[in-house]
Every structure is written in structure tokens, then in C-alpha cells.
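Reader: I have a structure to go through with you. Let us take it in short questions and answers.

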Amino acid sequence: MRRAGRAGRKFLNPVPTTIGGFSTLFKVLPRFLSNKEEKFPRRPLGPFRTDVSVYAVAPESGLRVTWMGHSSMLVEIDGVRVLVDPVWDERASPSQWAGPKRFYAAPMRLEDLPRVDVVLVSHDHYDHLGEATIRRLAGLASMQGARWVTSLGVGEVLRQFGVRGEQIVELDWTQSVVVGGLEMTAVPSRHFSGRGLMNRFETLWSAFVLKGPKHTVYFGADSGWWEGFAEIGAAYGPFDLTMLEVGAFHELWNSIHLGPDGAVRAFEALGGTGLFMPIHWGLFDLALHGWRRPIERVYELAEERGIRLWSPEPGRPSEVVRGEALRSEWWR
């Protein structure tokens, strides 16, 4: 495993990867126009509400996660609170008026977050880095002592949105930073970056390993399948909780997104131990499949392969206990 390569100003994937441009758009458009899937929930979801009083008491297990939907979550691990890929924005889009809109409201206000030690931002895409969210967080008194940990180049985006430069740590693949006894390591993923068509690959994208004194968590962020998952598992595992993206999948972009089948394959390559948490689904319409399809397929595969799933309801602080699966049915 090595640090990220570059070609001029652009970062390179760990294996050769082609990202579709306008040609992909022309392939997708006919399928989009003829699509009969339930891409948006027909009935309102939620409301989901986080009981913030829970945070007054440390998790008994030492590991507790509050999934806010998609890839946003609050991870409490061995005494350190990490806010991951926070997107409270109404849309995963550069526009407030167009683009993928949330299926349900955020389960809690940013102002009601408990003290956060780290804000972790995997890459600069709109569904992982929300401008309005970052601007609000940067202005909160409760966030002034937080460290912001991200991939190379993304710090400039955070600074533009109001985060103080001295709070930011940018990591290359295999680099680590320690906060409060929690070691956070950026590891390779197969994806891309850019908040527009003209600046793709100019900042880095990463998955992250969170390693505390008692627990280890893998946050996969966004990635397509590649053989490096086994190497990551061997170097940093075993993992108590493995978070992998299952939504926004299609054969046209399977080199940069896993989908349910790829996520299960990646989970097994990473070691297949502990609990598998499906992320990156159920909040935004980012693909052609029905909004429930990712989790339905994951449940099918977990049954077939004997995988212990950990899939909580949005907004509910949930303890992670070794060996204990959690299968919420909120999406049914």
C-alpha cells in the first residue's frame, strides 16, 4: 500500500480507472426517461428524532454510532466523538434550487450536537461535504476546539467555508493523526473528486481507519471494487464495524461505486469479521435504482452468506456490541 500518485495536478486512483463524462450522460439519459422504479419514497419518511440526552452518558460498549442518513454519522469510539462526512444541507448539489433533495429532515439540529472532537471529511463531493453544513459548524462555539481531518487538498475547501486553517489536518494515503488516543489513518479508495466537471481529481479521496484502544472501525466512504481491500484488512484489521457504501450503483459506474454486491465482496476481502454497516443509501436519489433496492439486496446477500449486519434507524444513537447484529426495518 502506498501514498497517492499524481499526474501533474491530478491525483491518481490506486488502479487504472476511467470516469465517465458526457458520453456516460447520453447513455444514462434514455434509461432515466424510461425508468419505472420508485426512486423517491411515496410516503413521507420519519420524522426521525435524536434523543440528545443520550450523549450525557458514555456508551457502555465503548462504541456508539448515530447514523444521520447517507454517509453522515456521529461515531463515539473509546471516548472520542467523530462527526463523519456531515451533510445537513437540503440538497446534495451546488444549487439550493435543483439537484438531489433529502428524503427526510436531519434527525437533529447541528446546534444540538454534543461536543465533537473531530470532524472527518473523506472527500469533496456534495453528498459528503455540504457547504451550508460546514459554514454552520465552523461558526458554532461548541466546535471551536474540534480538529478537522480530511484528504489532501480538501482543506482549502474547508477554509473557504469558514474553518480555521489551524484546525485542519490533511492526510495522504497511509498517513495518520492521533486525537485523544484515537488514531485516524487515510487509506486508498477507488473513486474521484471535484465539485465541478472542470476540477476533477485535484483533491484526494480516501477511506479511513479509526483505531482506538479497544475498537477499530473502517469507514469506506466511496469506492469501487479493487484488490487493495484485502491488503487494507490485513494491515489495519480486524474491524469491529465496517462501513461500506451500497447505494448509487449501476454497471456504468461500478469502477467507482461498490453497490450491494461489491460491498459484500469488499467486506469479505477486508476480513469478513465483525459487523457490516451499509451506508450511502436511503437519503438522496443519486442513481437509477429504486430507493429501497440497495438495502433490500444487502439483506438478501447477508442471509445467503451469513453476514452480521448492523443497520440502525436514522438518528437513533445505537451501541455497537461485538457479535450482535442490528437490523432496523424503518425503510419498509
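Reader: Is Glu-38 buried or exposed?

Author: This is a predicted model, and the values are computed from it. Glu-38 has a relative accessible area of 17%. The limit for buried is under 20%. Glu-38 is therefore buried.

Reader: Which residue forms a salt bridge with Glu-38?

Author: Side chains of opposite charge can pair when their charged atoms come close. For Glu-38, the closest N and O atoms of the pair are 3.1 Å apart. The partner is exposed, with a relative accessible area of 69%. That partner is Arg-42.

Reader: How many salt bridges are there in the whole structure?

Author: One of them joins Arg-164 to Glu-166, with the closest N and O atoms 2.9 Å apart. Another joins the side chains of Glu-313 and Arg-316. A search of the whole structure gives a total of 22.

Reader: Is Glu-166 buried or exposed?

Author: Its salt-bridge partner, Arg-164, is partly exposed at 33% relative accessibility. Glu-166 has a relative accessible area of 60%. The limit for exposed is over 50%, so Glu-166 is exposed.

Reader: What is the N to O distance between Glu-313 and Arg-316?

Author: Glu-313 is partly exposed, at 24% relative accessibility. Arg-316 is partly exposed too, at 48%. A salt bridge needs the atoms within 4 Å. Here the N to O distance is 3.8 Å.

Reader: Which residues are linked with Asp-261 in a network of salt bridges?

Author: The network holds Asp-261 and four other residues, two Arg and two Glu. Those linked with Asp-261 are Arg-293, Glu-296, Arg-297 and Glu-300.

Reader: Which helix gives the largest share of the largest nonpolar core?

Author: This core has 68 residues. Met-73, Val-75, Tyr-218, Met-243 and Phe-276 touch the most other members. The largest share of the core is five residues, and it comes from residues 293-305, helix α6.

Reader: How many residues are in the other core?

Author: It lies apart from the largest one. Its members include Tyr-55, Leu-137, Met-143 and Leu-158. The count for this core is 26 residues.

Reader: Which residue in β5 is the bridge partner of Val-75?

Author: Strand β4 covers residues 72-77, and strand β5 covers residues 80-84. The two pair in the antiparallel sense over five bridges. The partner of Val-75 in β5 is Val-82.

Reader: Which are the edge strands of the open sheet of seven strands?

Author: The order is β8-β7-β6-β5-β4-β3-β16, with mixed pairing. An edge strand here pairs on one side only. The edge strands are β8 (168-171) and β16 (318-319).

Reader: Which backbone nitrogen does the side chain of Ser-223 reach?

Author: Ser-223 lies in the loop between β12 (216-219) and α4 (228-236). Ser-223 is buried, with a relative accessible area of 2%. Its contacts beyond four places in sequence include Ser-189, His-191 and Phe-229. At 3.0 Å, its side chain reaches the backbone nitrogen of Arg-190.

Reader: How far apart in space are Gly-181 and Val-169?

Author: Gly-181 is in the loop between β9 (176-179) and β10 (182-187). Leaving out residues up to four places away in sequence, Gly-181 touches Lys-211, Gly-212 and Pro-213. Gly-181 and Val-169 are 12 residues apart in sequence. C-alpha to C-alpha, they are 16 Å apart.

Definitions and conventions. Residues numbered from 1 in each chain as written. Predicted model: local features only at pLDDT ≥ 70, side-chain atom pairs only at ≥ 80, totals over all residues. Heavy atoms only, no water. Core = buried A, V, L, I, M, F, W, Y, C linked by side-chain atoms within 4.5 Å. Buried < 20%, exposed > 50% of the residue type's maximum accessible area, 1.4 Å probe, protein only. Helix = DSSP H or I, 4+ residues; strand = E, 2+ residues; numbered from the N terminus. Pairing = 2+ DSSP bridges. Contact = heavy atoms within 4.5 Å. Polar contact = N/O pair within 3.5 Å; in protein donor to acceptor, adjacent residues only side chain to side chain.
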